[in-house]
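User: I have a structure open and want a quick tour. Can you walk me through it?
Analyst: Sure, here it is.

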Amino acid sequence: MIVILNRDVKGTGKAGDIVKVSDGYARNMLLPKGYATEATEGNIRSLEKQKALMEQKKAEEKAAAQEIAKKLEDVKVVIKTKSGEGGRLFGSITSKDIADAVKEQAKITIDKKKIQISSPIKSIGRFTIDVKLYPEVVGQLTVEVTD
């Protein structure tokens, strides 16, 4: 029997795959539990439409991420903090601090989890930070830490 998987099934396939399984496995396991639907012409057409819509949605999200990445290249965020001798900070600048500063100064909302800091910022200076906005789309942000 040929079925369309509604969710990932270990050893059988991933969600959206059209697979051939034994009749007993399909009737007794996959269909009753809702893991799969029978692969009729209508169901296959419906699956193809859903895949096309998902591709279109991914393309729109990627385009929006690329637009934000271009905006971030021109943004310079200034964070003022207290420092001690030799420009060493009391504590460090975190991704949350950077996200809050970008939102306040540039009016761009970025999730703090997308900000990739290679090492903690513990001194005064200018730093270039990578922001992973979408798979394959990475923007760069300039952060200046001042006293």
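**Helices, sheets and cores**

Analyst: Start with helix α2: its buried residues are Leu-47, Ala-65, Ala-69 and Leu-72. Keep in mind that this is a predicted model.

User: What covers the buried residues of α2?
Analyst: The cover includes β1 (2–5), β2 (18–20), α3, β8 and β9.

User: How many residues does α2 have, and how far does it reach?
Analyst: α2 has 33 residues. From first C-alpha to last it spans 48 Å, close to the 48 Å expected at 1.5 Å a residue.

User: Which strands does it lie across?
Analyst: α2, residues 41–73, lies across β8 and β9 (137–146), at about 170° to β8. α2 also lies across β1, β2 and β3, at about 30° to β1.

User: OK, sheets. What is the strand order in the one with four strands?
Analyst: The order is β4-β9-β8-β6. The sheet is open, with mixed pairing.

User: Which strands stand at the edges?
Analyst: β4 (76–80) and β6 (115–116). Each has a single partner strand, so one side of each is left without a neighbour in the sheet.

User: How do β4 and β9 run, parallel or antiparallel?
Analyst: Parallel, joined by five bridges. One pair to look at: Lys-80 has Thr-146 in β9 as its bridge partner.

User: And β8 with β9, parallel or antiparallel?
Analyst: Antiparallel, over nine bridges. Ile-129 has Leu-141 in β9 as its bridge partner. β8 and β9 form a hairpin with two residues between them. In that turn, Glu-136 has a positive phi of about 75°.

User: How many bridges join β6 to β8?
Analyst: Two, and the strands run antiparallel. Ile-115 has Val-131 in β8 as its bridge partner.

User: How many residues of β9 are buried?
Analyst: Seven of its ten, so β9 is mostly covered.

User: Now α3. Which of its residues are buried?
Analyst: Ser-95, Ile-98, Ala-99, Ala-101 and Val-102. These residues cover an arc of only 165° around the axis, which puts them on the same side of α3.

User: Which strands does α3 lie across?
Analyst: β4, β6, β8 and β9. α3 covers residues 95–106 and runs at about 120° to β4. Just after α3, Lys-107 takes a positive phi of about 60°.

User: Which residues have the most contacts inside the largest nonpolar core?
Analyst: Leu-72, Ile-98, Val-102 and Leu-141, in a core of 24 residues. α2, β4, β5 (88–93), α3, β8 and β9 each supply at least two residues of this core.

User: What is Val-102 in contact with?
Analyst: Leaving aside neighbours within four places in sequence, Val-102 contacts Leu-72, Val-77, Lys-107, Ile-108, Ile-110 and Leu-141. Apart from the largest core lies another core, of eight residues. Val-9, Val-19, Ala-26 and Ala-36 are among them.

User: Last one: what is the order in the sheet of three strands?
Analyst: β2-β1-β3, open, with antiparallel pairing. β2 and β3 (36–38) are the edge strands, each pairing on one side only. Direction ignored, neighbouring strands of this sheet are turned by 40° against each other on average.

User: How many bridges pair β1 and β3?
Analyst: Three, in the antiparallel sense. Leu-5 has Ala-36 in β3 as its bridge partner.

Terms used: Residues numbered from 1 in each chain as written. Predicted model: local features only at pLDDT ≥ 70, side-chain atom pairs only at ≥ 80, totals over all residues. Heavy atoms only, no water. Pairing = 2+ DSSP bridges. Contact = heavy atoms within 4.5 Å. Axes fitted to C-alpha atoms, helices over the stretch in contact; angles between N-to-C directions. Buried < 20%, exposed > 50% of the residue type's maximum accessible area, 1.4 Å probe, protein only. Arc of directions from axis to C-beta. Expected span 1.5 Å × (residues − 1). Core = buried A, V, L, I, M, F, W, Y, C linked by side-chain atoms within 4.5 Å.
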